[in-house]
Amino acid sequence: MTTPDFDEIIDRRGTHSAKWDGMEAYYGVSPDDGLPMWVADMDFRPPACVTRALQDYIDHGVFGYFGDDAAYRASIGWWMQERHGWQIDTGAVFSTHGLVNGTGLCLQAFTEPGDGVVLFTPVYHAFARVIRAAGRKVVECPLALTEGRYEMDFAAYDAQMTGNEKLLILCSPHNPGGRVWSAEELRALADFAIRHDLVVVSDEIHSDLILPGARHVPMAVACPDISDRLVMMTATTKTFNLAGAHVGNVIIHDPDLRRRFETVMTANGISPNSFALHAATAAYSPEGAAWVEALCNYLDGNRKLFDEGINAIPGVTSMKLEGTYLAWVDFSGTGMEATEVQRRIEKDARIAVNYGESFGLGGETYQRFNLATPRARVAEAVERMQKAFADLQ
Ligand SMILES: Cc1ncc(COP(=O)(O)O)c(C=O)c1O
């Protein structure tokens, strides 16, 4: 593998990029001088094995329906075993149009309108959006903040349960905040799910983006005894920057849950996108693995640079990430309203971020910054932020 050059500045403007070309309409920040640090995709090309696979497909030039997915399934099996020590039944994988789609399908398959769905907040905003749009109830269980890191507080959550809750969505690793949950924490979560008879949907889309020092444990590995209530979700899209391909793996080992999910897949007419499956099959490979190693080291460098510069601003604290490339920055120490923080970020620093309040309870004083961009841009963002908050120095 040639060493990836994550420092290369690739102009994404005018490519229908949500992050770049959608920024001005959302934030009034022009892509000509602004820094898009919101939508969770990366400003890097995927590994060459992925581009080659897509190029071969395009060179062939016939784009009919995808069939014979044996190689695709085998690549998932190989990756999960090799990278995560998780042996899967490759026949238990459903290919959905991404994991937000997978979440929506799980709600249809395993809950009824009006049922409660447990989220540990602050958490990825699309979960609540999909739950509400499906006519289910969001049950927000706030994470506790202990010495600057998020923890789950099951005694408090036990007291919150009413019996109407049917499903919980775990984000592992956690977005935002970047917690990589330990096997002990996952065990406590499994016991909570058993106590309240909940189906567990474990969204592990960020599980390959683990920073040095942390180790991801798949829920299915930590707690094999809950396989009769467990739905695992993984994807190549965050890991390899293929988010536009909208493809995800929903892996269900329990035959009854699998049957219910399959019925909903059929009812919604979901079948695979051939471009996505060509890309995903190539990604889950030794070449893809070497690229991910290099990526995680690069992201760790970005994180260190960002944290050092941002934490030097009085009253501003960036949470120490264990995984993901999504910095989670608390502005509560500035004493400013969120609207003033956002005004400074957009108007003065000309940066677009995700607003903390959109992640649910506990996110109100935070803003989320995407660090998956060439390091020079991270350095530029830090400099602009220090200027925008210079009066606090
Ligand atoms: C936890 C989590 N799940 C799902 C997604 C998006 O998944 P998809 O693009 O496959 O729908 C994201 C994107 O940031 C995410 O953070």
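Which residues are buried in helix 14 (residues 338-348)? They are Val-341, Arg-344 and Ile-345. The model described here is predicted. Its chain is assigned two domains, domain 1 (18-47 + 288-392) and domain 2 (62-285). The points below cover the record, the domains, the core they share and helix 14.

**Annotation**
- An unreviewed UniProt entry lists residues 41-384 as "domain: Aminotransferase class I/classII large".
- Helix makes up 43% of the chain over residues 41-384, and strand makes up 17%.
- The C-alpha atoms at the two ends of residues 41-384 are 22 Å apart.

**Domains and their contact**
- The centres of domain 1 and domain 2, taken over C-alpha atoms, are separated by 25 Å.
- Contact between the domains involves 32 residues of domain 1 and 35 residues of domain 2.
- On the side of domain 1 that touches domain 2, at least two residues come from each of helix 13 (286-311), strand 12 (326-330) and strand 15.
- Helix 13 gives the most to that side of domain 1, with eight residues.
- Sorted by class, the side of domain 1 that touches domain 2 has 17 nonpolar, nine polar and six charged residues.

**Nonpolar core**
- The largest nonpolar core has 122 residues.
- Leu-119, Val-200, Met-219, Val-231 and Ala-279 have the most contacts inside this core.
- Both domain 1 (18-47 + 288-392) and domain 2 (62-285) give residues to the core, so the core lies between them.
- In soluble globular proteins, nonpolar side chains tend to be buried together.
- Ala-279 is in contact with Val-50, Ala-53, Leu-54, Leu-242 and Ala-245, leaving aside its neighbours within four places in sequence.

**Helix 14**
- Val-341, Arg-344 and Ile-345 are the buried residues named for helix 14. They lie on the same side of the helix because they cover an arc of only 95 degrees around its axis.
- These buried residues pack against strand 13 (351-352), strand 15 (366-370) and helix 15 (375-388).
- Strand 15 thus appears twice: as a packing partner of helix 14, and as a supplier of residues to the side of domain 1 that touches domain 2.
- Thr-339, Glu-340 and Lys-347 are exposed, on the face of helix 14 turned away from its buried side.
- Arg-350, just after helix 14, takes a positive phi of about 55 degrees.

Note on methods
Residues numbered from 1 in each chain as written. Predicted model: local features only at pLDDT ≥ 70, side-chain atom pairs only at ≥ 80, totals over all residues. UniProt positions renumbered as here; feature names shortened; annotations may be inferred. Helix = DSSP H or I, 4+ residues; strand = E, 2+ residues; numbered from the N terminus. Buried ≥ 20, exposed ≤ 12 C-beta atoms within 10 Å, placed from the backbone. Arc of directions from axis to C-beta. Contact = placed C-beta atoms within 7 Å. Core = buried A, V, L, I, M, F, W, Y, C linked by C-beta atoms within 7 Å. Domains from an automatic or database assignment. Nonpolar A, V, L, I, M, F, W, Y, C, P; charged D, E, K, R; others polar.
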